[in-house]
Amino acid sequence: MRVLVIGSGAREHALVQALRRDPGVSAIYAAPGNAGIAQHAQVRPVDASSGEAVVALATELSADLVVIGPEVPLVLGVADAVRAAGIACFGPSAAAARIEGSKAFAKDVMAAAGVRTAHSEIVDNPADLDAALDRFGPTWVVKDDGLAAGKGVVVTADRLAARDHGAELLEQGHPVLLESFLDGPEVSLFCLVDGETVVPLLPAQDHKRVGDGDTGPNTGGMGAYTPLPWLAPETVTAIVEDVVKPVAAELVRRDCPFSGLLYAGLAIGAAGPAVVEFNCRFGDPETQAVLALLESPLGELLNATATGTLAQVAPPRWRDGAAVTVVVAAENYPGRPRVGDVITGAGESADESAAVLHAGTATREDGALVSAGGRVLSVVGVGEDLSEARDRAYERIASIKLPGSHFRTDIGLAAVEDRITVPG
């Protein structure tokens with residue numbers, strides 16, 4: 001099977017690495033890729049948001065399967081174009097991708113499916129913002145009702161900060177979604193979904209805030225770990241049965257069945273799981289940790305999902321132990337990052353327990369590896385338990401040099417120290 005992976009981040013690097021372990025995959029291409037992906041796959045330029053361009057490239061490469069990583073091409077209908085050309089595609093239609101592209105659509109689907117989520121209200125007129133804010137709090141959750149790469153959300157006990165964020169979004173012409181605050185630790189659960197067939201992967205936990213101790217602004221994600229020692233297996237079963245399956249069935253009922261990776265972000269509170277958000281693709285940085293533990297052939301799972309035969313494939317197998325992803329970010333991220341700095345110490349290593357996955361990287365004309373984005377690298381440590389996986393990730397990071405870079409030092413630490421509790 002010849003596979004074309006669309007995207008240029010560490011998520012796509014992780015997908016390529018996992019596909020390389022699948023004996024059924026004979027060739028891997030990536031577009032547009034990055035400097036790290038280029039070491040393991042043939043990289044080609046492409047306008048990832050153009051269905052016509054992706055179809056042309058997939059046809060040229062005789063790809064049997066196209067795997068779309070980022071959300072923007074999915075929301076824009078690139079998967080529809082690929083399927084219309086007769087090529088199998090892992091990724092939902094534009095209609096189904098609205099589960100991420102429009103938070104209002106997602107709320108409507110959840111209401112119809114009877115899924116617990118936060119109370120919400122859409123504000124599209126600046127004149128209505130203050131009155132709407134008065135109906136929420138004392139912790140305000142203010143979101144951009146669209147794609148914001150994880151950075152369009154402000155969660156704050158400061159009403160003025162909530163108002164400022166809402167006003168800024170409205171000034172940019174973006175509707176604002178206000179939500180009630182959900183208590184309890186958050187969980188990311190990825191599920192392969194083929195219509196009404198739902199196959200969960202390992203649960204993970206993301207760290208969105210830029211600083212240690214969950215301080216500072218939201219980012220696209222500064223690190224993640226899996227599995228979650230504090231999460232009961234029966235809770236994962238409940239999420240699948242009470243959240244993901246009803247939503248998948250509702251999308252089928254609306255004639256926009258989901259095919260691909262449905263990502264449920266949830267808060268595990270005293271009343272049980274409640275949905276914070278849905279995404280229509282593999283999450284970053286959780287994917288890097290989850291796929292590090294996958295033993296099943298990834299290509300087989302993705303192709304079965306894309307071709308409507310997921311129910312016929314054996315459930316995923318996982319290696320014992322844990323995995324931790326730590327993101328190395330450029331100076332000033334999540335603001336406008338400094339780019340073009342030389343990176344050293346991020347090369348291939350014989351130690352398979354600590355991998356360096358590239359995100360915002362490029363190769364200079366003189367061959368030097370340089371930063372080219374906000375989240376530059378994902379360092380993935382694997383160990384017999386979470387503590388060992390953390391140690392391996394941070395030991396690997398110590399050998400990497402990037403001027404002005406920063407990373408969180410506490411990814412997975414609260415779980416290691418048994419400081420995460422589910423309200424009960």
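## Internal cavity and His13

In this predicted model, a search of the whole structure finds 1 cavity of 30 Å³ or more, and the volume of the largest cavity is about 40 Å³. Its lining consists of His13, Gly36, Gln39, His40, Ala346, Gly347, Glu348, Val356 and His358, which by class amounts to 2 nonpolar, 6 polar and 1 charged residues. Rolling a probe the size of a water molecule over the atoms is what shows where empty space is left.

One of the lining residues, His13, belongs to helix H1, which covers residues 10–20. Because its relative accessibility is 1%, under the 20% limit, His13 counts as buried. Leaving out residues up to four places away in sequence, His13 touches Gly36, Ile37, His40, Val356, Leu357 and His358; Gly36, His40, Val356 and His358 also appear in the cavity lining.

## The second largest pocket

The second largest pocket has a volume of about 610 Å³. It is lined by 27 residues, of which Gln17, Arg21, Glu352, Ala354 and Ala355 are the closest to its centre. Two or more lining residues come from each of the elements H1, H10, S18 and S21, and H1 gives the most, with 5 residues.

By class, the lining of this pocket has 13 nonpolar, 6 polar and 8 charged residues. Helix H1 thus links two topics of this report, since it contains the cavity-lining His13 and also contributes to the second largest pocket.

## Strand S21 and its partners

Strand S21 spans residues 375–383, and 8 of its 9 residues are buried, so the strand is largely enclosed by the rest of the structure. Strand S17 (residues 322–329) is joined to S21 by 8 bridges, the two running antiparallel, and within this pairing Ala329 has Arg375 as its bridge partner in S21. Strand S18 (residues 354–358) also runs antiparallel to S21, to which 5 bridges join it; here the bridge partner of His358 is Leu377. His358 is also one of the residues that line the largest cavity, and S18 and S21 are both among the elements that line the second largest pocket.

Within S21 lies Val376, which counts as buried because its relative accessibility is 0%. Not counting residues up to four places away in sequence, Val376 touches Val328, Ala329, Ala330, Ile343, His358, Ala359, Gly360, Thr361, Ser371 and Leu402. These contacts include Ala329, the bridge partner of Arg375, and His358, the bridge partner of Leu377. Val376 and Val187 are 189 residues apart in sequence, and their C-alpha atoms are 24 Å apart in space. As general background, the side chains of a regular strand alternate between the two faces of the sheet.

## Nonpolar cores

The largest nonpolar core has 78 residues, among which Leu4, Val66, Ile99, Val244, Val247 and Phe278 touch the most other members. Helix H9 (residues 233–253) supplies the largest share of this core, 8 residues. Apart from it lies another core, of 43 residues, including Ala10, Phe90, Leu302 and Ala304. In soluble globular proteins, nonpolar side chains tend to be buried together.

For Ile99, the contacts that remain once neighbours within four places in sequence are set aside are Phe105, Ala106, Val109, Val247, Phe258, Leu262, Phe278 and Cys280. Val247 and Phe278 are thus both in contact with Ile99, and like Ile99 they are listed among the core residues that touch the most other members.

## Backbone details

Two cis peptide bonds deserve a note. The bond from Gly137 to Pro138 is cis, with omega near 15 degrees, and Pro138 is placed in the loop between helix H7 (129–134) and strand S7 (140–144). The bond from Asp284 to Pro285 is likewise cis, with omega near 25 degrees; Pro285 lies in the loop between strand S16 (272–279) and helix H10 (286–292), and H10 is one of the elements that give two or more residues to the lining of the second largest pocket.

Positive phi values outside glycine are found at Ser62, with phi of about 55 degrees, and at Asp418, with phi near 60 degrees. Ser62 sits in the loop between helix H2 (51–60) and strand S4 (65–68), and its 45% relative accessibility makes it partly exposed. Asp418 is in the segment after helix H13 (413–416) and is exposed, with a relative accessible area of 64%.

Notes: Residues numbered from 1 in each chain as written. Predicted model: local features only at pLDDT ≥ 70, side-chain atom pairs only at ≥ 80, totals over all residues. Heavy atoms only, no water. Buried < 20%, exposed > 50% of the residue type's maximum accessible area, 1.4 Å probe, protein only. Helix = DSSP H or I, 4+ residues; strand = E, 2+ residues; numbered from the N terminus. Pairing = 2+ DSSP bridges. 1 Å grid on protein atoms, 1.4 Å probe; cavity = no way out; pocket = protein on both sides within 12 Å on 5 of 7 lines; lining within 4 Å. Points joined across faces, edges and corners; volume = space filled by probe spheres on them. Nonpolar A, V, L, I, M, F, W, Y, C, P; charged D, E, K, R; others polar. Core = buried A, V, L, I, M, F, W, Y, C linked by side-chain atoms within 4.5 Å. Contact = heavy atoms within 4.5 Å.
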